[in-house]
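Reader: I'd like a close look at a single part of this model, the salt bridges, and then how that part sits in the rest of the chain. Could you walk me through it?

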Amino acid sequence: QVQLVESGGGLVQPGGSLRLSCAASGSIFSINDMGWYRQAPGKQQRELVAVITKGGSTNYADSVKGRFTISRDNAKNTVYLQMNSLKPEDTAVYYCNARVVVNVFEYDYWGQGTQVTVSS
């Protein structure tokens with residue numbers, strides 16, 4: 001069993017910053033890609049925010065490039081999302097995702113979500 005636990009969400013004013021963390025624990029052999037997705041109010045689908053490979057290669061949604069930075073600590077099985085210059089349109093529930101290798105198979109795991117609200 002693998003669990004992803006997120007932290008760091010909250011209420012912030014436009015232009016402010018937040019840092020999200022997501023720690024994976026359990027029967028983990030290794031973790032391949034880790035990423036952050038978000039689901040905005042009134043939208044049914046989650047959108048990719050950023051993803052980072054095991055080797056450290058990153059990819060970002062166009063809407064967050066230059067403002068958000070994803071990083072990971074492989075020794076701690078943890079992924080981070082540093083969010084700067086936040087805008088009201090960044091308001092969403094943010095979900096952590098990890099592709100975890102258990103024994104020889106890769107599985108997709110999700111965190112429970114953390115609310116980020118950008119408002120004055």
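Author: Let's start with one pair: Arg67 makes a salt bridge with Asp90, and their closest N and O atoms are 2.8 Å apart. A salt bridge here is a side-chain nitrogen of Lys or Arg within 4 Å of a carboxyl oxygen of Asp or Glu. Arg67 lies in the loop between strand 6 (58–60) and strand 7, while Asp90 lies in the loop between strand 8 and strand 9, so this pair ties together parts that are 23 residues apart in sequence. Strands, by the way, are DSSP runs (E, at least two residues), helices are H or I runs of at least four, and both are numbered from the N terminus.

Before going on, a word about where this comes from. This is a predicted model, in which local features need pLDDT of at least 70 and side-chain atom pairs count only at pLDDT 80 or more, while totals for chains, interfaces and linings use all residues. Residues are numbered from 1 along each chain as its sequence is written, and side-chain values use heavy atoms, with hydrogens and water left out.

Back to the pair: buried or exposed? Arg67 counts as buried because its relative accessibility is 10%, and Asp90 counts as buried because its value is 1%. The cut-offs are under 20% relative accessible area for buried, over 50% for exposed, and partly exposed in between (1.4 Å probe, protein chains only).

Asp90 has another partner too. It forms a salt bridge with Arg38, with the closest N and O atoms 3.0 Å apart. That one links distant parts of the chain: Arg38 is in strand 4, Asp90 is in the loop between strand 8 and strand 9, and they are 52 residues apart. Both Asp90 and Arg38 are buried. Bring in Glu47 and you have a network of salt bridges that links Arg38, Glu47, Arg67 and Asp90.

The structure holds 5 salt bridges. Another of them joins Asp108 to Arg99, where the closest N and O atoms are 3.7 Å apart. Here Asp108 is partly exposed because its relative accessibility is 44%, and Arg99 is partly exposed too, since its relative accessible area is 35%.

Arg99 also turns up around Ser30, which sits in strand 4 (residues 30–39). Leaving aside neighbours within four places in sequence, Ser30 is in contact with Lys54, Arg99, Val100 and Val101; contact means heavy atoms within 4.5 Å. Ser30 is buried, as its relative accessible area is 14%. Ser21, in strand 3 (residues 18–26), is another buried serine, because its relative accessibility is 18%. Outside the residues up to four places away, Ser21 touches Val5, Glu6, Ser7, Trp36, Val79 and Tyr80.

Trp36 brings us to the nonpolar side of things. In soluble globular proteins, nonpolar side chains tend to be buried together. The largest nonpolar core in this model has 31 residues, and those with the most contacts inside it are Trp36, Leu81, Met83 and Tyr94. A nonpolar core is a set of buried Ala, Val, Leu, Ile, Met, Phe, Trp, Tyr and Cys residues joined through side-chain atoms within 4.5 Å. Elements that give two or more residues to this core include strand 1 (2–7), strand 5 (47–52), strand 8 (78–83) and strand 11 (114–118). Its largest share, 6 residues, comes from strand 9. Tyr94 has contacts beyond its sequence neighbours that include Trp36, Leu81 and Met83, and among them is Arg38 from the salt-bridge network as well.

Now for the surface. Val104, Phe105 and Tyr107 form a nonpolar patch there, with about 350 Å² of accessible area together. Patches are made of residues with over 30% relative accessible area and no salt bridge; like charges are joined within 9 Å, and nonpolar side chains (Val, Leu, Ile, Met, Phe, Trp, Tyr) within 5 Å. Areas come from the Shrake-Rupley method with a 1.4 Å probe, and for residues only the protein chains shown count as cover. Val104 is in the loop between strand 9 (92–102) and strand 10 (105–110), and it counts as exposed because its relative accessible area is 69%.

Zooming out, the chain has 0 helices and 11 strands. Buried residues make up 42% of its 120 residues. Of the contacts between residues at least 6 apart in sequence, 55% join residues at least 24 apart. The C-alpha trace spans about 45 × 25 × 20 Å along its principal axes.
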